[in-house]
Amino acid sequence: MMAGYLLFATERYALPILAPLVQALHASGQEVAAWFEDGAAGSQLPGVPNIGLKQALAMRPRAVFSAANWVPTFLSGAKVQLFHGFNVDKRDSARGHFRVRGMFDLYCTQGPATTAPFREIAALQGHFAVAETGWPKLDPLFRDDGGDSAALRSAAGGRPVILFGSTFTERLSAAPHLHAQIAADIAAGQHYWLLTLHPKCPTELFERYRALAGANARFIEPEQVMAAQRAADVLVSDTSSIVSEFIVQHKPVVTFRNRVPKPHMIDFDDPQQLPAMLARALHPDAALQAEIVRYADTIHPYRDGLSSERVIAATEDFLSGEMGALRRKPFGSWVRDLQIRKDLGYWGPSQRR
């Protein structure tokens with residue numbers, strides 16, 4: 001296999017992040033392959049061959065794009081971090097979004113709120129570069145999606161469309177608490193609901209929410225979430241990254257017991273308040289709308305649907321040396337490399353650039 005670009009993922013939720021990047025790579029005539037491990041194993045991206053460890057080694061990719069928090073460090077090519085979500089304050093920064101493990105060469109950040117902290121870390125540690133590109137996952141929100149979102153919306157018959165999405169983190173999840181109220185609203189039929197859950201949510205929750213599908217609701221699989229976000233008027237969620245994904249469209253979000261509620265959210269803690277929260281979200285006042293726009297432009301100001309192209313351009317700039325030389329990776333990265341090798345059963349030579 002000729003050198004090209006390798007996509008790496010460990011969960012199904014990475015597929016919508018990588019899919020727009022695939023389109024951009026194919027449009028520029030690049031060779032692309034995918035290596036999917038763990039929860040992403042067996043997944044498929046259109047037009048992309050799935051390969052394993054031996055083939056990835058033989059491929060000697062120019063770059064490895066990872067939508068996971070780790071990457072096989074012994075492969076050739078630049079290791080590029082794309083992120084699997086926004087920073088939504090699920091945990092403190094030292095353990096969460098801004099934790100740097102020493103495995104990546106280039107971080108492609110989503111917007112100013114992410115760029116500034118990573119550039120501060122890069123200035124101190126020097127073993128990775130940072131480029132603000134926007135997030136490939138959000139490209140479909142701002143360009144033609146082939147009618148996918150229109151098809152989801154058409155079933156509403158002109159009614160407001162409400163999207164429900166919940167995190168898998170049990171202590172933060174709204175799904176167990178709001179099921180009865182959502183079911184009642186679906187039965188009333190004034191709104192049309194699109195329902196989705198994080199792939200790591202318990203099977204029992206999936207069964208309960210799938211059972212709500214019918215004339216007034218549809219269950220949405222992970223691969224359809226971006227089209228559902230584009231189709232919906234309002235999001236109901238909790239402390240989930242989907243809140244930030246949705247709000248970049250400048251649409252209102254209703255959050256249930258958000259860990260760190262902010263002015264752009266309509267946050268509530270009593271499930272019985274859901275109808276009132278929906279009414280407010282469907283008719284946001286000027287102050288709320290201004291907060292929505294302000295926050296959205298801080299986390300992801302790019303509304304052109306071209307973040308994937310910027311990721312590719314930044315990667316090429318890095319490979320050509322335009323971002324300067326990197327310092328040696330920290331000791332912790334070598335320890336992590338040994339763990340990855342053990343997990344994957346590979347003790348051969350490293351193919352670092």
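A polar contact is taken here as a pair of N or O atoms within 3.5 Å, one able to donate a hydrogen and the other to accept it. In the predicted model, the side chain of Arg159 meets this criterion with the backbone oxygen of Gly189, at 2.9 Å. A second polar contact, of 2.7 Å, links the Arg159 side chain to that of Asn216. Arg159 itself belongs to the loop that runs between helix 4 (148-154) and strand 7 (161-166). Although Arg159 is buried, no salt bridge is assigned to this residue. Asp185 provides the nearest side chain of opposite charge, at a distance of 8.4 Å. Because a salt bridge requires a side-chain nitrogen of Lys or Arg within 4 Å of a carboxyl oxygen of Asp or Glu, the separation of 8.4 Å between Arg159 and Asp185 does not qualify. Beyond its neighbours within four places in sequence, Arg159 is in contact with Gly189, Gln190, His191, Tyr192, Ala215 and Asn216. Gly189 and Asn216, the partners in the polar contacts described above, thus appear in this set as well.

Charged pairs were examined next. Side chains of opposite charge can pair when their charged atoms come close. The count of salt bridges in the model comes to 10. One of them joins Asp105 to Lys329, with the closest N and O atoms 2.8 Å apart. Asp105 is located in the loop between strand 4 and strand 5, and Lys329 in the loop between helix 11 and helix 12 (331-344), so this pair ties together parts that lie 224 residues apart in sequence. Both partners are buried: the relative accessible area of Asp105 is 7%, and that of Lys329 is 18%.

Another salt bridge is formed by Arg153 and Asp233, whose closest N and O atoms are 3.1 Å apart. Since Arg153 is part of helix 4 and Asp233 sits in the loop between helix 7 (225-231) and strand 10 (234-237), the pair ties together parts separated by 80 residues in sequence. Arg153 counts as partly exposed, at 35% relative accessibility, and Asp233 is likewise partly exposed, at 25%.

A further salt bridge connects Asp337 and Arg341, at 2.9 Å between the closest N and O atoms. These two residues are four apart in helix 12, a spacing of about one helical turn. Asp337 is buried, with a relative accessible area of 5%, and Arg341 is buried at 7%.

Helix 11 was considered as a packing element. The helix comprises 13 residues (residues 307-319), for which a rise of 1.5 Å a residue predicts a span of 18 Å; the end C-alpha atoms are 18 Å apart, in agreement with that expectation. The buried residues of helix 11 are Ser307, Ser308, Val311, Ile312, Ala314, Thr315 and Phe318. Viewed down the helix axis, these buried positions fall within an arc of 165°, so they line one face of helix 11. The elements that cover the buried residues include strand 1 (5-9), helix 1 (15-27), strand 3 (63-66), strand 4 (78-81), strand 5 (106-109) and strand 6 (129-132). After helix 11 comes Gly321, which has a positive phi, near 90°.

Positive phi values also occur in residues other than glycine. Asp38 has a phi near 50° and is placed in the loop between strand 2 and helix 2. With a relative accessible area of 53%, Asp38 is exposed. His250, whose phi is about 65°, is found in the loop between helix 8 (241-247) and strand 11 (253-256). At 21% relative accessibility, His250 counts as partly exposed.

The loop between strand 2 (32-36) and helix 2 (53-59) also contains Leu45. In contrast to the exposed Asp38, Leu45 is buried, at 3% relative accessibility. When residues up to four places away in sequence are set aside, Leu45 touches Leu7, Leu15, Leu18, Ala19, Val22 and Phe36. Ala290 lies 245 residues from Leu45 in sequence, and the C-alpha atoms of the two residues are 37 Å apart in space.

Key: Residues numbered from 1 in each chain as written. Predicted model: local features only at pLDDT ≥ 70, side-chain atom pairs only at ≥ 80, totals over all residues. Heavy atoms only, no water. Buried < 20%, exposed > 50% of the residue type's maximum accessible area, 1.4 Å probe, protein only. Lys, Arg positive; Asp, Glu negative; His and termini not counted. Contact = heavy atoms within 4.5 Å. Expected span 1.5 Å × (residues − 1). Arc of directions from axis to C-beta.
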